[in-house]
Amino acid sequence: MGAVTPTITASPGKYRVRWTLAGVVVDFTADRLRSERSGDIKASVKIVATTSDGKVANPHHGNLNLAAARSRRDLSRDLEGRFPLAGDFGWDQLVEESCRAILEREEAPSNPGVWLQPVEHTDVKYSLGRIALEGLPVVLYGPGGSTKSYLASFMALCKHNGLDFFGEGTDRCNAMLLDWEVNEAEAARRCTLLANGIRQRYIGADIRLPRYKRCLGSLQNEVSEIAADIAEHEIGFVVVDSAGPACGGDALSGQLAIEFFEALRRVTTPTGADALVLAHVTKNEVRDENGGHRLPFGSVFFTNMARACWEVRAEETGQKDIVQVNVHCRKSNMGRPEPYGMRVTLQKEHKHLVAIVIDPAEAHDVSTEQTAIRDMILVELKHGACGPSELAEAIGTTPSMVSKTLTDLKDRGQVENVGRGKWIRTDAPVGGE
């Protein structure tokens, strides 16, 4: 048998060495690597063999000292006794070369310095319209009900299928949703509705849905598992929904925000993936210095460490199943790109929602203080009747401003006073997150 060369998938703290041999594929996976004071490098090692007829054997799952020759020999003998390999390439060679490949990569500098070189093109490199930046984090934020999760899923579908984003070309890459907000069933429902809408423009197209992971702990705690998934499936576009729970604690903590962006770099670096981070909007305590726009909720580091921040605002159109969505760049380290306007239509058949269609529209800047308060009042009233004082405390403004805005919303037919100072919505919200 000639030389056998494995394929190696590497991510922070985890490696998979895949061997394709005669009649069998062997995956040698080392996870949770740790260095001992003695110089030993230990790992949790799992070895799985899959035969050509699809049968799967799990010859080993346990701890291994990758740097100890005796430990490697003992493992090889145990594997040979339980699952012999055909041909000249035996377990001793497979284990030795797998451990060597992992140790070489683990001991090599993970991010060596380089001499910068002149580049031919000096334009900002966007990967999706004017929003996503190649290999860099971008924050997309807005109040609840602004459709930001739907918009992020729509962007993931565009990247995953290589579709134009409002007339601007998109290079295809695998996309992934990291979800701290809902669950797989709801994420699949949203993507299916959006894909049904996309198919109306691309007739007959096979619209594939992105990869999905339901996240339970903070990004920092799940970094190894997430990074391995991103590396294995060559993910190039990542959506984090959303920043608050992904931090795993107080979103106002500067330290947690810094740790979040450090973890985000670790999971995206192996593939150079772009990152779109969703965040909620602040109350009135944190504002943009240039115009007083509300910023992403949480530590100021969410604004400072992102390369761009885009605000999403939904605007009522007077039509029950249509909403105008406006997306404005509130902060950018690379110039201030033009805004986007979108018309989001909920298509129904026999009262059942079957598709969500997103079309381009003229952008409106609805981010004034009064419209921001109006949007947040409508979101709060989704949960039931409230009075001006309760609403003022919830959204961070004064009862007099709330009362003024409620009068305006009443004139629009969107709210009504049900007595004893309580107000309710007169319509069901269109967008959702």
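Which strands does α4 lie across, and at about what angle does α4 run to β16? Keep that question in mind while you load the model, which is a predicted one, and let the tour come to the answer by way of the sheets.

**First stop: the five-stranded sheet**

Begin by selecting β1 to β5, which form an open sheet of five strands in the order β1-β2-β3-β4-β5, with antiparallel pairing. At its edges you will find β1 (7-11) and β5 (56-65), each of which pairs on one side only. As you turn the view, note that the twist from one strand to the next averages 15°.

Next, select residues 14-21 and 24-35, the strands β2 and β3, which pair in the antiparallel sense over eight bridges. Within this pair, Arg18 of the one strand stands opposite Asp27 in β3.

Now add the helices that pack on this sheet. Helix α1, residues 69-82, touches β4 (41-51) and β5, and its direction makes about 165° with that of β5. Helix α5, residues 223-232, touches β1, β2 and β3, and here the angle to the direction of β1 is about 140°.

**Second stop: Gly13**

Stay with this sheet and pick Gly13, which is found in the loop between β1 and β2. Is Gly13 buried, exposed or partly exposed? Its relative accessible area is 26%, so Gly13 is partly exposed. Leaving aside residues up to four places away in sequence, Gly13 touches Ala30, Asp31, Arg32, Leu33 and Ser224. If you then label His383 as well and draw a line between the two C-alpha atoms, you span 43 Å in space and 370 residues in sequence.

**Third stop: the nine-stranded sheet**

Move on to the open sheet of nine strands, whose order is β10-β9-β11-β12-β8-β13-β14-β15-β16 and whose pairing is mixed. The edges are taken by β10 (211-214) and β16 (352-361), and because each has a single partner strand, one side of each is left without a neighbour in the sheet. Neighbouring strands of this sheet are turned against each other by 20° on average, direction ignored.

With this sheet on screen, select α4 (184-198), and the opening question can be answered: α4 lies across β9, β10, β11 and β16, and it runs at about 60° to β16.

**Fourth stop: β14, β15 and β16**

Zoom in on residues 322-332 and 340-349, the strands β14 and β15, which pair in the antiparallel sense over six bridges. Two places to label here are Val325, which stands opposite Met342 in β15, and Asn326, whose bridge partner in β15 is Gly341. On the next pairing along, β15 and β16 run antiparallel and are joined by nine bridges, with Val344 standing opposite Ile358 in β16.

Follow the chain from β15 into the loop that leads to β16, where His350 has its place. The hairpin of these strands has two residues between them, and in it His350 takes a positive phi near 55°. With a relative accessibility of 75%, His350 counts as exposed.

A further residue to select is Arg420, in the loop between β17 (415-419) and β18 (422-425). Arg420 also has phi near 55°, a positive value in a residue other than glycine, and at 86% relative accessibility it counts as exposed.

**Last stop: a cavity and a cis peptide bond**

The structure holds two cavities of 30 Å³ or more, and this stop is at the second largest cavity, in which about 110 Å³ of space lies. Which residues lie nearest its centre? Select Ser153, Leu177, Ala187, Arg190 and Asp241 to see them, out of the 14 residues that line the second largest cavity. At least two lining residues each come from α3 (148-161), β9 (174-179), α4 and β11 (235-241). Coloured by class, the lining shows nine nonpolar, two polar and three charged residues.

Finish at Asp241, one of the residues nearest the centre of that cavity, and look at the bond that follows: a cis peptide bond joins Asp241 and Ser242, with omega at about 5°. From there Ser242 takes you into the loop between β11 and α6 (243-247).

Key: Residues are numbered from 1 along each chain as its sequence is written. This is a predicted model: local features need pLDDT of at least 70, side-chain atom pairs count only at pLDDT 80 or more; totals for chains, interfaces and linings use all residues. Side-chain values use heavy atoms; hydrogens and water are left out. On a 1 Å grid over the protein atoms alone, a cavity is a set of points where a 1.4 Å probe fits but cannot get out, and a pocket is an open set with protein on both sides within 12 Å along at least five of seven lines; lining residues have an atom within 4 Å of a point. Grid points are joined across faces, edges and corners, and a volume is the space filled by probe spheres set on the points. Helices (H or I, at least four residues) and strands (E, at least two) are DSSP runs, numbered from the N terminus. Ala, Val, Leu, Ile, Met, Phe, Trp, Tyr, Cys and Pro count as nonpolar, Asp, Glu, Lys and Arg as charged, and the others, Gly among them, as polar. Two strands pair if DSSP finds at least two bridges between them. Axes are lines fitted to C-alpha atoms, for helices over the stretch in contact, and angles run from 0 to 180 degrees between N-to-C directions. Contact means heavy atoms within 4.5 Å. Buried means under 20% relative accessible area, exposed over 50%, partly exposed in between (1.4 Å probe, protein chains only).
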